[in-house]
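Open the model in a viewer and keep the selection panel at hand. The tour below goes from stop to stop, with a selection at each.

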Amino acid sequence: MKQNSKERFHSESMASSYDEMCQLMVPGYNFMQDTLIDKIKFENIGKITLLDLGAGSGIFIERILDEFPDSTCIYLDYSEEFINIASNRLSKYIDRVTYIKSDICDDWELKLESTPNIITSSSAIHHLLNEDKKKLYNKCYDVLEDNGWFFNIDEMKTVYNDAYLQSLHYWIYHTEKLKEIIPKNLNTEYEMVMEKFDDWKKRNVDHINSPKVEGDDIHESFLVQLEWLKEAGFKETDVFCKLYLWSMIGGKKIIKDP
Ligand SMILES: C[S@@+](CC[C@H](N)C(=O)[O-])C[C@H]1O[C@@H](n2cnc3c(N)ncnc32)[C@H](O)[C@@H]1O
């Protein structure tokens, strides 16, 4: 079996094929982001300073900068290859984005030049060990401005194990179904991404009981992670939407009046 590990994100072909294909490959990719953006509008947060952890090719940040003209964003990722694609995509917003190259588990808070009132992440935190996920939730609470929000869209287990297994198989079904509808000009990217998806299948389905290490897909249930958010101090915590393996969880930092 090909090795898991953090290394796979540090590859140009991985970064560019993910960028081209993620909206098709990940079920509900746009739906989840739409839900998050709608929640931000509903919360009437005002002038947005958003930090995106594991921001990849910058697709979500681009949407925020488009939708909220006075917003600014802080991009964080540890992959030079993903940073290159994102800085190209976001070049027209040069004055509204700052970049932090860092591991999510390192002391990135020391590099912040402004205090975020929204922290988001998608499809990144599940690569951390559970103890690091918990530490991260605590850190996000500390770093956020009062009344700020934290959201994580991610691969998570569900309540029952049999349903979790089915959610893994659903993703396989979803990606195979794509073959019939993929536009011809994306055939090469599709083949590339499916090659990598084969490793995902081996890690998560064929070898489901093998021990996990940092960088693997370390799925934890949305219920457990909601508890971690509560323990960190977040209020109004909820699973705001869910589609098979993906959940969007989050909470608000509310400081009580003295
Ligand atoms: C599957 S991609 C998701 C990208 C983007 N958030 C999206 O939803 O399109 C995962 C991203 O998280 C980054 N990442 C994974 N683990 C990380 C870590 N420990 N520290 C910083 N970035 C990490 C990878 O480099 C990659 O850009």
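The stops cover open pockets, an enclosed cavity, aromatic rings and two single residues.

This is a predicted model.

**Stop 1: the largest pocket**

Select Arg-8, Phe-9, Met-14, Tyr-18 and His-127, the residues nearest the centre of the largest pocket. The lining has 50 residues in total, and the volume is about 1000 Å³. Next, colour helix H1 (12-25), helix H3 (59-67), strand E2 (72-77) and H7, each of which supplies at least two lining residues. Which of the elements gives the largest share of this lining? H7 does, with eight residues. By residue type, the lining of the largest pocket holds 22 nonpolar, 15 polar and 13 charged residues.

**Stop 2: the second largest pocket**

The second largest pocket has a volume of about 160 Å³. Select Cys-73, Ile-74, Thr-98, Glu-113 and Ser-114, which are the closest to its centre among 14 lining residues. Two elements, E2 and strand E3 (97-101), give two or more residues to this lining. E3 contributes the most, with four residues. The lining of the second largest pocket divides into six nonpolar, four polar and four charged residues.

**Stop 3: Thr-49**

Now select Thr-49, in strand E1 (residues 49-53). Is Thr-49 buried or exposed? Its relative accessibility is 13%, so Thr-49 counts as buried. Show the residues in contact with Thr-49, leaving aside neighbours within four places in sequence: Thr-72, Ile-74, Ser-114, Thr-115, Pro-116, Asn-117 and Ile-118. Among these, Ile-74 and Ser-114 were already selected at the second largest pocket. For a distance label, use the C-alpha atoms of Thr-49 and Cys-73: they are 5.6 Å apart in space and 24 residues apart in sequence.

**Stop 4: Arg-63**

Move to Arg-63 in helix H3. At 22% relative accessibility, Arg-63 counts as partly exposed. Not counting residues up to four places away in sequence, Arg-63 touches Asn-30, Gln-33, Asp-34 and Ile-37. Label the C-alpha distance from Arg-63 to Ile-37, which is 8.6 Å across 26 residues of chain.

**Stop 5: the cavity**

Gln-33, one of the residues touched by Arg-63, also leads to the next stop, because Gln-33 is part of the lining of the largest cavity. The structure holds one cavity of 30 Å³ or more. About 70 Å³ of space lies in the largest cavity. To show its walls, select Val-26, Pro-27, Gly-28, Tyr-29, Met-32, Gln-33, Ser-122, Ser-123, Ile-153 and Trp-246. Helix H2 (residues 29-43) gives the most to this lining, with three residues. How many charged residues line the largest cavity? The lining has no charged residues, with six nonpolar and four polar.

**Stop 6: aromatic pairs**

Turn to the rings of Phe, Tyr and Trp, where centres within 6.5 Å make a pair. By this rule the count comes to 16 aromatic pairs. Select Trp-149 and Phe-240, an edge-to-face pair with 5.9 Å from centre to centre and 70 degrees between the planes. This pair links distant parts of the chain, 91 residues apart: Trp-149 is in strand E5 (residues 149-155) and Phe-240 in strand E6 (residues 235-243). Trp-149 is buried, at 1% relative accessibility, whereas Phe-240 is partly exposed, at 23%.

Then select Trp-171 and Phe-197. Their rings are also edge-to-face, 5.1 Å centre to centre with 70 degrees between the planes. Here the two partners are 26 residues apart, with Trp-171 in helix H6 (residues 161-181) and Phe-197 in helix H7 (residues 187-206). Trp-171 counts as buried at 8% relative accessibility, and Phe-197 counts as buried at 5%.

**Stop 7: an aromatic cluster and two charges over rings**

Select Tyr-137, Tyr-141, Phe-150, Trp-228 and Phe-234, which form one aromatic cluster. Keep Tyr-141 in view and add Lys-253: its charged end sits over the Tyr-141 ring, 5.1 Å from the ring centre. For another such arrangement, select Lys-157 and Tyr-164, where the charged end of the lysine sits over the ring at 5.3 Å from its centre. The tour ends here.

Conventions:
Residues numbered from 1 in each chain as written. Predicted model: local features only at pLDDT ≥ 70, side-chain atom pairs only at ≥ 80, totals over all residues. Heavy atoms only, no water. Phe/Tyr/Trp six-rings, centres within 6.5 Å; stacked < 30°, edge-to-face > 60°. Buried < 20%, exposed > 50% of the residue type's maximum accessible area, 1.4 Å probe, protein only. Lys NZ or Arg CZ within 6 Å of the ring centre and 35° of its normal. 1 Å grid on protein atoms, 1.4 Å probe; cavity = no way out; pocket = protein on both sides within 12 Å on 5 of 7 lines; lining within 4 Å. Points joined across faces, edges and corners; volume = space filled by probe spheres on them. Nonpolar A, V, L, I, M, F, W, Y, C, P; charged D, E, K, R; others polar. Contact = heavy atoms within 4.5 Å.
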